[in-house]
Amino acid sequence: MNLRQFRYVLTLADEHSFSSAADVLNITQPSLSQYIKKIEREIGQPLFDRTNGDVRLTDAGRAYIEVGRKMLDLEHQLEAQLSDIETFRSGTIAVGVSAHRSVALMPPVVSSFKKLYPGITLQIVEKKRHELIESAEHGEFDLVVTTLPVDETLFTSELLFVEENVIAAPSPLPGQDAQGRKFPVIDASALNGLAFAMLNKDHLMQQELEELIRTHKLKLHKEVECTSLEALVEMVKEGIGSAFIPACLAKDPSLHYYSIKETVPKREIILMYRKEQYLSKAVMDLKDIMHKLLR
């Protein structure tokens, strides 16, 4: 196996389609098909099941990718060590983070890091939490910003900050300043009858909002259902309704933000990396920047 072969197989496994994978790889579909057949002939087993027009990994294909990921991880760690030897003039550091935290947290981190290492590219990869954890297990990231819990036998985690969920409103609500709280505080009952922009039911934030509704017997009017937290904020800006969002997104000065007096879920936001992972000086400096700016 070489790394080019592995990337072709991995891309096809991710896309489940020769045409889509060929587009991603910027090659023709017949070329990709012939390349995969050549690999299968070399190893003597099919890597993909092509029945019913869908392309799925066989057991041999899954084993091939598992070994390939280990090779890619070793290559990445070698590059990190060589980057140190080359006095940090070039290279790439991969950071995994959820989409909304990428928007809210990463721009000042990138700005500060680039002042120290102008020749190094920061690759910010946005994925869902379970995808971040899986990719981190395979060594695809130098650092990951996510939430507890994580498997402490596999990963080292460092607390960045504790994040609460707040109400974003298009117009003022009857809030009061409270000692030790960043935002004015409102009773949960103050939300009764308000129009709300909400997430779909599978989103953790929506499940927490529904728990708040049940606990305090609230009636909220769902005006629109979104699939992302960023879309919720835009709906609030348009005056469509209020929304339940993580505090890291409470940045637009045109909106009004409120903490809920009663206890609501809080998340411990962490910086995570694999225990056996080599951390270059540049990655260590990036960790320090994130602790200073995000605490």
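Visitor: Is E140 buried, exposed or partly exposed?
Guide: Let's start with a reminder that this is a predicted model. A residue counts as buried under 20% relative accessible area and as exposed over 50%. E140 has a relative accessible area of 29%, so the word for E140 is partly exposed.

Visitor: Which residue forms a salt bridge with E140, with closest N and O atoms 3.8 Å apart?
Guide: E140 sits in the loop between helix 6 and strand 5. Its partner is in helix 4 (residues 59–85), 71 residues apart from E140. The pair links distant parts of the chain, and the partner of E140 is R69.

Visitor: Does R69 count as buried or exposed?
Guide: The cut-off for buried is under 20% relative accessible area. R69 has 17% relative accessibility, so R69 counts as buried.

Visitor: Which residues are linked with R69 in a network of salt bridges?
Guide: Side chains of opposite charge can pair when their charged atoms come close. One pair here is E140 with R69. The network holds R69 together with K127 and E140.

Visitor: How many salt bridges does the count come to?
Guide: A pair is counted when a side-chain nitrogen of Lys or Arg is within 4 Å of a carboxyl oxygen of Asp or Glu. E140 and R69, at 3.8 Å, are one such pair. The count comes to 15 salt bridges.

Visitor: Which side chain meets R101 in a salt bridge?
Guide: R101 is in helix 5 (residues 99–116), and its partner is in strand 6, 62 residues apart. R101 counts as buried at 7% relative accessibility, and the partner counts as buried too, at 2%. The N to O distance is 3.4 Å, and the partner of R101 is E163.

Visitor: How many residues apart in sequence are the parts that R181 and E164 tie together?
Guide: The side chains of R181 and E164 meet in a salt bridge, with 3.7 Å from N to O. R181 is partly exposed at 29% relative accessibility, whereas E164 is buried at 13%. R181 lies in the loop between strand 6 and strand 7 (185–186) and E164 in strand 6, so the parts they tie together are apart in sequence by 17 residues.

Visitor: Why do the buried residues of helix 2 line one face of the helix?
Guide: The buried residues in helix 2 (residues 18–25) are F18, A21, A22 and L25. Seen down the axis, they line one face because they fall within an arc of 100 degrees.

Visitor: Which exposed residues does the face of helix 2 turned away from its buried side carry?
Guide: Cover for the buried residues of helix 2 includes helix 1 (3–15) and helix 3 (29–43). Just after helix 2, N26 takes a positive phi of about 60 degrees. The face turned away from the buried side carries D23 and V24.

Visitor: What arc do the buried residues of helix 6 cover around the axis?
Guide: In helix 6 (residues 129–137), the buried residues are L132, I133, S135 and A136. They lie on the same side of helix 6, because around the axis they cover an arc of only 165 degrees.

Visitor: Which residue just after helix 6 takes a positive phi?
Guide: Several strands cover the buried residues of helix 6, among them strand 3 (91–97), strand 4 (120–126) and strand 12 (266–274). Just after this helix, a positive phi of about 80 degrees is taken by G139.

Visitor: By what distance are the C-alpha atoms of V283 and I93 separated?
Guide: V283 is found in helix 9 (residues 281–294) and is buried, with a relative accessible area of 2%. V283 touches I93, D142 and L143, not counting residues up to four places away in sequence. Although V283 and I93 are 190 residues apart along the chain, their C-alpha atoms are separated by 7.2 Å.

Visitor: What share of the 295 residues in the protein chain is buried?
Guide: The secondary structure comes to nine helices and 12 strands. The C-alpha atoms fill a box of roughly 70 × 50 × 35 Å along the principal axes. Among contacts with a separation of 6 or more, 72% join residues 24 or more positions apart. Of the 295 residues, the buried share is 47%.

Key:
Residues numbered from 1 in each chain as written. Heavy atoms only, no water. Helix = DSSP H or I, 4+ residues; strand = E, 2+ residues; numbered from the N terminus. Buried < 20%, exposed > 50% of the residue type's maximum accessible area, 1.4 Å probe, protein only. Contact = heavy atoms within 4.5 Å. Arc of directions from axis to C-beta.
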